[in-house]
Amino acid sequence: MQQKWYKRIISGVLASLFAVQLLVYGDAGNNGLVMVENIKAVGNAIEQQINSKALKAEFDEAVGGLGEVDYFNIAERGLFRSASLQSSGNNDEIVKPDGLTINGYVGQYGTYSDLSKVKILIFNDWTLVDETYAQADGSFYISVAGLGTSTNIKIECDGYMPRFYRSMGHGSYQFGTADNPEMLYPGDTTYNENESNRWSDEQITSDDADYVYGFIGLRDAKGNYDSKYDFNNDRSIDPEDLALIEEHYCENTDDEKYLLEMDLNLDGKIDVDDYDLLNNGPHKDSYAGDEDFKPYMDKDNDGEIDASDYQWFVDYCSQYEGYTSGANYIYNVKLTGDCYIDTGTWQYNTNLDLNGYTMAINGNLAFMTSNLNLLDGVILNINGGRLLINGEFYFGQAQSYDRLIMTNDADVLMVTKNWYYTTLFDCEGSWTAGIILFYGQHWNVNEGAGYKCIYSSGTHQILFYNPYGKQTILWDNPNTYINNEDGSLNTLRTYEIIT
Ligand SMILES: [Ca+2]
Ligand SMILES: [Ca+2]
Ligand SMILES: [Ca+2]
Ligand SMILES: [Ca+2]
């Protein structure tokens, strides 16, 4: 029963595709609602059309084997197909993935970066379930089954601001590519006022530089340290220890200067031979390493956190002061399998490519640039896939150039509740194929949106249909509710009217 929502949403797509065919083929008497009794009539109507063989075949395939057809409650067959969906034998049941498979590429801004230290973590809610490290080339792969409803993914590396992919549901995704990896900003430390500095506060601030200051003087482990030869116990085997040998030169074991530990060749005396053994041996110039040494703070990679490393943080943190994971990363997400999100999800600053797959969301989808400094806007590319939203759709942000791309015949965007839309992007040429199925009550296009922010052309269609009542379409929403006095239009928004 828990999968009912998405069966319903899938059924919605199927039913609407029927409805569109009905309207296209002139059986307008039923207002687009397909019921069992008029499937046959539709078939007949199609039969009578000239040059409609292809569509008829498609329709036959869609209705083939269907028992009962009821709006939002039909068995999923025919038009809805997916490699990862398997019928369990019972037509009412679909097995869908309960895990996440993620692959992709990470990269880092900054020098001396070791990508194999980048970790990819999968959370059930915020309980860690599995983690992996990236390869040296930045590529990674992780797959986890048996996850709960609410899943989150984090990419982290000490010394870098983390990246978060929240409410990703179940399915398969690719984050970033070899050419365009998901980048990490350096400059973020584990300074965290509220978490005893255990992990990053997810922002770059002067606190990060201040935190580094406290580590000045700490050194990395070096060479072949062995405490046996560290005569002054300062964690370093160096000229001071050689000088100590010299101070203890003596001719026999009865001498009070004789120390067994310095008699390296065990000949009963301490002399230049012992000196040379240490001086020419494998332990000279070694250092045990300070426990609190943080490699990521050693920006010049010379093994010691010093004033110049601190200065790097001061400069960087002042340049990128206030950068956060949420606002300053562009996220590049591509589906590599069907994805199911049983909660609402906010995809901010994300380029999302459906790549021929289905993304079904049982809740609202907010998709927009959240940071206007990212002026190019983000791209929602349906790309032969189906985006099924059982909820409200919030697209775009005022002043942004966020783009919805529908250029493939197979493209479907379905929204069952309200549609809130704004962008300055000119969509002429971006909506040329596929269909938007809008079943909500209110279709709102922001009045500040661009002149061609809604622009169907080619074979692209928009279906407006509310099975439960009236629909209000705010299409243009200009300051005055009529077109200009000279008869010109307030905007150039357009779509294909199906009559
Ligand atoms: Ca920080
Ligand atoms: Ca020493
Ligand atoms: Ca000796
Ligand atoms: Ca250094």
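Begin by selecting strand 13 together with strand 16 (residues 350-353) in this predicted model; the two strands pair in the parallel sense, and four bridges connect them. To see one of these pairings at the level of residues, pick N332, whose bridge partner in strand 16 is N351.

Keep strand 13 on display and add strand 9 (residues 171-175), which runs antiparallel to strand 13 and is joined to it by three bridges. Here Y173 is the residue to label, since it stands opposite L335 of strand 13. Now show what surrounds strand 13 (residues 331-335): four of its five residues are buried, so the strand is largely enclosed by the rest of the structure.

Move next to helix 4 (residues 206-213) and colour D208, A209, Y211 and V212, which are buried. If you turn the view until you look down the axis of helix 4, these buried residues fall within an arc of 160 degrees, and therefore they line one face of the helix. Adding helix 7 (307-319) to the selection brings in part of what covers the buried residues of helix 4.

From there, turn to the largest nonpolar core, which has 82 residues. In soluble globular proteins, nonpolar side chains tend to be buried together. Helix 7 supplies the largest share of this core, namely five residues. The residues with the most contacts inside the core are V106, M359, I389, F393, F395, L413 and V415.

Finish by centring the view on I389: which residues are in contact with it, leaving aside its neighbours within four places in sequence? They are I361, L365, M414, V415 and T416.

Definitions and conventions: Residues numbered from 1 in each chain as written. Chains lettered and ligands numbered in written order. Predicted model: local features only at pLDDT ≥ 70, side-chain atom pairs only at ≥ 80, totals over all residues. Buried ≥ 20, exposed ≤ 12 C-beta atoms within 10 Å, placed from the backbone. Pairing = 2+ DSSP bridges. Arc of directions from axis to C-beta. Contact = placed C-beta atoms within 7 Å. Core = buried A, V, L, I, M, F, W, Y, C linked by C-beta atoms within 7 Å.
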